Amino acid sequence: MGDAARARDALGRVRQEVAKAVVGQDAAVTGLVIALLCRGHVLLEGVPGVAKTLLVRALSASLQLGTARVQFTPDLMPGDITGSLVYDNRTSEFSFREGPVFTNLLLADEINRTPPKTQAALLEAMEERQVSIDGRPRKLPDPFVVIATQNPVEYEGTYPLPEAQLDRFLLKLTMPLPSRDVELEVLARHAAGFDPRDLAAAGVSPVAGPADLAAATRAVRAVRVEPQVMAYIVDVVRATRQSPSLSLGVSPRGATGLLAAARAWAWMSGRDFVTPDDVKALARPTLRHRVQLRAEAELEGVQVDGVLDAVLASVPVPR
Ligand SMILES: Nc1ncnc2c1ncn2[C@@H]1O[C@H](COP(=O)(O)OP(=O)(O)OP(=O)(O)O)[C@@H](O)[C@H]1O
Ligand SMILES: [Mg+2]
């Protein structure tokens, strides 16, 4: 078996590990794996109690990677994320104490509960893949992937992420409420003694490491993209800029994100070329946070995903 096949196997096992803790939510699990392959950041949205935190914790537990989790609270300071200079009395010198961003997989839990200054420190680290303290840049490890969770319901004391910075997330995944069958299975597991705080007891163990991820990333980069498919991606993002329901369309960065995500999805599906269907499959999670509804459309109850579907339907598909 070649490196790429081994890597694909390892990622399949990651899904199995996650499933030991999380019932269903397949689309979110797939999205997280795609983001890992692309080294892209993810915004994970869902109402309270749909297993956002559990999913990311289970993913961390199934990977041999450095992971850290930060609960974003109203009193969190930028230095609590990036690290800061601390004075050492013994040596009478300042030394840098690394913050939790110095890891491979950072769970930024409830990111919209912290004030903009602290959010900005994280968003900057995400984009630059380094932090600058006291004028000195310090590189973050590779891979460095942030999975931020947020609640769609705006409660008092929450700070929505600045629209302009949402573009820094490769994907925005939404976790729906479970079906009746899934919810029954969740209850059955709890009745049988499943404890979400103890993933090791549930048998979740690390099954893929940096070498698997590196091999997978290499394989994804070798996935072919025909000129017609690239033209299709460009036509789709340009069409979002023409949509009468949107005041802001997708940026060129969004187009490159869609290309990367579609490639990873093609590889995960066992192909070495991207089809227009791959592009369609990844359009919602890659683009939904990069557009803005017009106020009128919002008042009429128009939903972003619906607008994206209409845009896709309006663009001729290459064959
Ligand atoms: N699909 C699911 N599979 C397994 N357990 C689930 C599922 N959905 C909910 N649960 C249960 O609900 C609990 C709450 O999940 P979790 O704390 O991860 O939710 P959350 O989405 O992060 O909520 P919040 O927004 O309040 O932080 C889990 O620990 C688990 O016991
Ligand atoms: Mg949570």
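**Close-up views of a predicted model**

**View 1. Helix H3 and the shell around ligand 1.** In this predicted model, helix H3 makes the greatest contribution to the shell around ligand 1, supplying 3 residues. The shell counts 17 residues in total, and those that come nearest to the ligand are Pro 48, Lys 52, Thr 53, Leu 54 and Pro 196. Two elements each give two or more residues to this shell, namely helix H3, which spans 52–61, and helix H7, which spans 180–191. By residue class, the surroundings of ligand 1 comprise 10 nonpolar, 6 polar and 1 charged residues.

**View 2. The crossing of helices H1 and H3.** Helix H1, formed by residues 3–21, has an axis that comes within 9 Å of the axis of H3, and the two cross at roughly 135°. An angle over 115 degrees that does not exceed 145 is neither roughly perpendicular nor roughly antiparallel, and H1 and H3 are therefore oblique to each other. The handedness of this crossing is right-handed. On the H1 side the contact is formed by Glu 17, Val 18 and Ala 21, while H3 contributes Leu 54, Leu 55, Ala 58 and Leu 59. Of the residues that make up this contact, 6 are nonpolar, none is polar and 1 is charged. Leu 54 thus appears in two views, as a residue of H3 in the contact with H1 and as one of those that come nearest to ligand 1.

**View 3. The crossing of helices H1 and H8.** The axis of H1 also comes within 8 Å of that of helix H8, which comprises residues 210–221, with a crossing angle of roughly 115°. Here the crossing is left-handed. From H1, the residues Asp 3, Ala 4, Arg 6, Ala 7, Ala 10 and Leu 11 take part, and they meet Asp 212, Ala 215, Ala 216 and Ala 219 of H8. This contact divides into 7 nonpolar and 3 charged residues, with no polar ones.

**View 4. The meeting of domain 1 and domain 2.** The protein is divided into domain 1, covering 3–213, and domain 2, covering 223–314, and the C-alpha centres of the two lie 24 Å apart. Across the boundary, 14 residues of domain 1 are in contact with 14 residues of domain 2. On the side of domain 1 that touches domain 2, at least two residues each are supplied by helix H2 (26–38), helix H6 (163–166) and strand E9 (171–174), and H2 gives the most, with 4 residues. The residues of this side of domain 1 consist of 9 nonpolar, 2 polar and 3 charged.

Key
Residues numbered from 1 in each chain as written. Chains lettered and ligands numbered in written order. Predicted model: local features only at pLDDT ≥ 70, side-chain atom pairs only at ≥ 80, totals over all residues. Near = placed C-beta within 6 Å. Nonpolar A, V, L, I, M, F, W, Y, C, P; charged D, E, K, R; others polar. Axes fitted to C-alpha atoms, helices over the stretch in contact; angles between N-to-C directions. Parallel < 35°, antiparallel > 145°, perpendicular 65-115°, else oblique. Left-handed = near helix turned anticlockwise from the far one by under 90°. Contact = placed C-beta atoms within 7 Å. Domains from an automatic or database assignment.
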